[in-house]
Amino acid sequence: MRTANEIRESFKQFFAQKGHTIVPSAPMVVKDDPTLMFTNAGMNQWKDIILGTKEPEPRRRADSQKCLRVSGKHNDLEEVGHDTYHHTMFEMLGNWSFGDYFKEGAIDMAWEYLVDVIGLNPEDLYVTVFEGSPEENIPRDDEAASYWAKHVPADHIINGNKHDNFWEMGDTGPCGPCSEIHLDSRTPEEKAQIPGRELVNKDDPQVIEIWNIVFMQFERKADGSLVPLGMNVIDTGMGFERLVRALQGKHSNYDTDVFQPVIRAIEQLSGKKYGVAEDVDIAMRVIADHIRAVAFSIADGQLPSNAKAGYVIRRILRRAVRYAYTFLGQKRPFMHLLLPTLTAEMGEAYPELVAQRELIDKVMKEEEESFLRTLETGIKLLDRVMAETKAAGATEIDGVQAFTLFDTYGFPLDLTELICRENGLTVDEAGFGVEMQKQKERARNAAAVETDDWQVVADGESEFVGWDYTEYTCRILRYRKIVQKKQTYYQIVLDKTPFYAEMGGQVGDQGAIVSEFETIDIVDTKSENGLTVHIAKRLPEHPEANFMACVDTDKRHASEANHSATHLLDQALREVLGTHVEQKGSLVSSEGLRFDFSHFQKVTAEELRQVERIVNARIRENIPLKDHRNVPIDKAKELGAIALFGEKYGDEVRVVQFGQSVEFCGGCHVKATGQIGMFKIVGESSVAAGIRRIEAITGAKVEEALYQLQDSMEALRQMFNGVPDLRGAIERLITENAGMKKQAEEFIHEKAQAYKQELLKTAVERNGVCIISGRTLLPADAVKDIAFQLRAEVENALVCIGSVNEGKPLLTCAASDMLVKEQDINVGKAIRDAAKLMQGGGGGQPHFATAGGKNPEGITAAIDKFIELVLA
């Protein structure tokens, strides 16, 4: 029986023999496509080729692509673990043809691999073809059907509808019919009862799609019409986990050697067995799946957070932790202990797991600890909600409250339902669903973008010239209107542009395009599928005119200084802290720079100073830029450039070098380090477990900061009458203040003890209760101390003291333990009504409570009311 790793390798070898270039998997986390957070299909990394913005060479390619589907239209998260074949992270085996072979070649190669190479039974295979769409004037895909007829009988060729057999990249863009290959893995007895063709695309867990072959031949326009695509494209995707299941003769993906090693590790750590109880099995499947998604995302540079892609990863991890907590009894961090097994199984195919294992472990463990604390908080809040529900005589938890637990505290609905069920309560699922739908609508409206078709002004391709120029003559190639959050913008593509598009941490350029007729401000520059797009708030009235593209040079030069300083900082950190330092994120703008890097402890003040000295020394050296362009990637590595995990590199790259600093980079830089001026670190902090962040400024910003510091120092010196030794003067003031504070505390303590004795002298007995009350000007802390002393010293004490602090009345009340236990006295309850007489409110526990207000004149009445309520 072939192992999973052997099956993956056989696919690559087969297509290599068919003339395909075997390419590495792109990162699972997408960084240069505003329409995607994660790679959710094998074709994502080829969008720029499909859209015509990049040359298609080599025209034949194949790979095993790591993908993630948990959001958008491919939202499989809630199904994961409950069935045998849905996953969050999965591998997609794929082969592509860009203007080379088309339908016949793709079909013949797929059949040869499945039947002749890996030995699937052809009688178990069914294929679908697009049935056509009369309303769009698209006929049935008879061409594909004729090629399939060479391999399978007619009753194994099934017509498929538009939903299943017409693939579209989005609302607009490339699209086309597709053919799915389905495998019937049922027992002979089951096959005899119902033919497999009747179960295709019917959600039968044993009759499943294993390969989809997309024939991209159309482009969908914004008005919904279809036009022929400029280049026919073959895009195929085969679910690796499903293929392994078929070849290993299993009925569940989780029974294959893709998942079984991790499931066995879960059994060992939890002490529970897989295959005994359904809820335990689901939990183990959830964990075995989710550990892969989280580990690969962190390895590719995406840390859990509360926004966008980071929120998705946090949600996946927390779902796994919650299943481990609820069904496997794991109250401590658990997931990170599975990493050695995962790395052993997948590390050879994906070396980033091995290289980033320590970071993945630390991030995952910290996230687990944080969510376990959240679960404890959620349970306490739920206990309170359940108590209030029972006290009101109800048996159902309000849906709004259940949603608040979910939305604010991350407490999942099914766990809320489980705990409520154990306590004889139910949850208003309909109300929860209404709140969830409201949230989805809010998110959908916030993210909605209306995009028109491109309006072509001139033919041609866009070329970036911004490494060498900040002004350049150009023409508009095309433009389109977009509407987002009720704001209208225009995207403009130029034939030559000096504008740098936001990428690699550097923000996009601003500036203007100028013609003899008008000036159009460019408010931002973005990269979409390799195309530089200029954002403007209005269109030129004469788009056919010749323009001068002018970058805002003040902002550009400041960004260049900060970008080059980031490179010097990276090198200095490796020298001071060690070669384990690796970039994990950056932001470069005209205002400053931010650099995230791997390091497992706080960077000390001494280390930061050392890093600053190294960077500033290299600025003073005025090291010239060595700009290596269009360098083969192997040659770039020989130069010393370090490839970052989670980044996608082409066959040829650009390398930026300042002396010992050598990095892959497509950004804009100073011509020599002296142009940076000066470098100053302004902050060092933690971003996540094992990730530190440095924020810094350069050039004129450092000069401004020095002036501000100088002005502050001078202002302080003037406060001390221009004393030469400012530090000594401040130290003497602090010492004097400390002495005076101590004297004041001793004085207050003496006054408090004297006041306590006065209270005892005026105390009165009523119904077995010693009522100790009065008014004072002592501070709140002193009053609190008196109250606690009296409730401890007097067995039957009921204390109520009114005081005024900064013009605000305060009521401090206490009761002895004996009164609380034997007479059921609750000062926290009584003080709420009493405080109303001071125009305030408060509360607390049965033995101690406080209340504040707005009207000091009401203190005496509030004291009397409190005593009345307690003794009633």
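**Close-up views of a predicted model**

**View 1. A cis peptide bond sits just before Pro 58.** Pro 58 is part of the loop that runs between helix H2 (47-50) and strand E2 (60-68). All the views here come from a predicted model, so please read them in that light. The bond to look for joins Glu 57 to Pro 58, and its omega is near -10°. As background for this view and the next, most peptide bonds are trans, and most residues other than glycine have a negative phi.

**View 2. Asp 203 and Gln 839 each have a positive phi without being glycine.** Start with Asp 203, in the loop between helix H6 (188-193) and strand E8 (207-220). Phi of Asp 203 is near 65°. Is Asp 203 buried or exposed? Its relative accessibility is 67%, over the 50% cut-off, so Asp 203 counts as exposed. Now move along the chain to Gln 839, where phi is about 60°. Gln 839 also belongs to a loop, this one between helix H24 (827-834) and strand E34 (841-844).

**View 3. Helices H13 and H15 cross at roughly 50°.** Helix H13 covers residues 357-391 and helix H15 covers residues 413-422. Their axes come within 11 Å of each other. With that crossing angle, H13 is oblique to H15. The crossing of H13 past H15 is right-handed. Which residues meet where the two helices touch? From H13 come Leu 375, Ile 379, Leu 382 and Met 386, and from H15 come Leu 415, Thr 416, Ile 419 and Cys 420. Cys 420, one of the H15 residues in this contact, is buried, with a relative accessible area of 0%.

**View 4. Thr 389 of helix H13 is a buried residue.** Stay with H13 and find Thr 389 in that helix. Thr 389 counts as buried because its relative accessibility is 8%, under the 20% cut-off. What does Thr 389 touch, leaving aside residues up to four places away in sequence? Its contacts are Ala 394, Thr 395, Glu 396, Ile 397 and Leu 425.

**View 5. Three strands form an open sheet with helix H17 packed on it.** Follow the strands in the order E25-E26-E27, and you will find antiparallel pairing. At the edges lie strand E25 (626-632) and strand E27 (661-664), each of which pairs on one side only. On average, neighbouring strands of this sheet are turned by 25° against each other, with direction ignored. E25 pairs with strand E26 (residues 652-658) over five bridges, in the antiparallel sense. A handy landmark for this pairing is His 628, which stands opposite Val 655 in E26. Helix H17 (residues 553-577) packs on the sheet and touches E26 and E27. The direction of H17 makes about 115° with that of E27.

**View 6. Cys 813 sits in a structure that holds zero disulfides.** Recall that a disulfide is a covalent bond between the sulfur atoms of two cysteines. Where is the nearest cysteine sulfur to that of Cys 813? That sulfur belongs to Cys 800 and is 3.5 Å away. A disulfide requires the two sulfur atoms to be within 2.5 Å, so Cys 813 is in no disulfide. Cys 813 is also buried, with a relative accessible area of 0%.

Methods: Residues numbered from 1 in each chain as written. Predicted model: local features only at pLDDT ≥ 70, side-chain atom pairs only at ≥ 80, totals over all residues. Heavy atoms only, no water. Buried < 20%, exposed > 50% of the residue type's maximum accessible area, 1.4 Å probe, protein only. Pairing = 2+ DSSP bridges. Helix = DSSP H or I, 4+ residues; strand = E, 2+ residues; numbered from the N terminus. Axes fitted to C-alpha atoms, helices over the stretch in contact; angles between N-to-C directions. Contact = heavy atoms within 4.5 Å. Parallel < 35°, antiparallel > 145°, perpendicular 65-115°, else oblique. Left-handed = near helix turned anticlockwise from the far one by under 90°.
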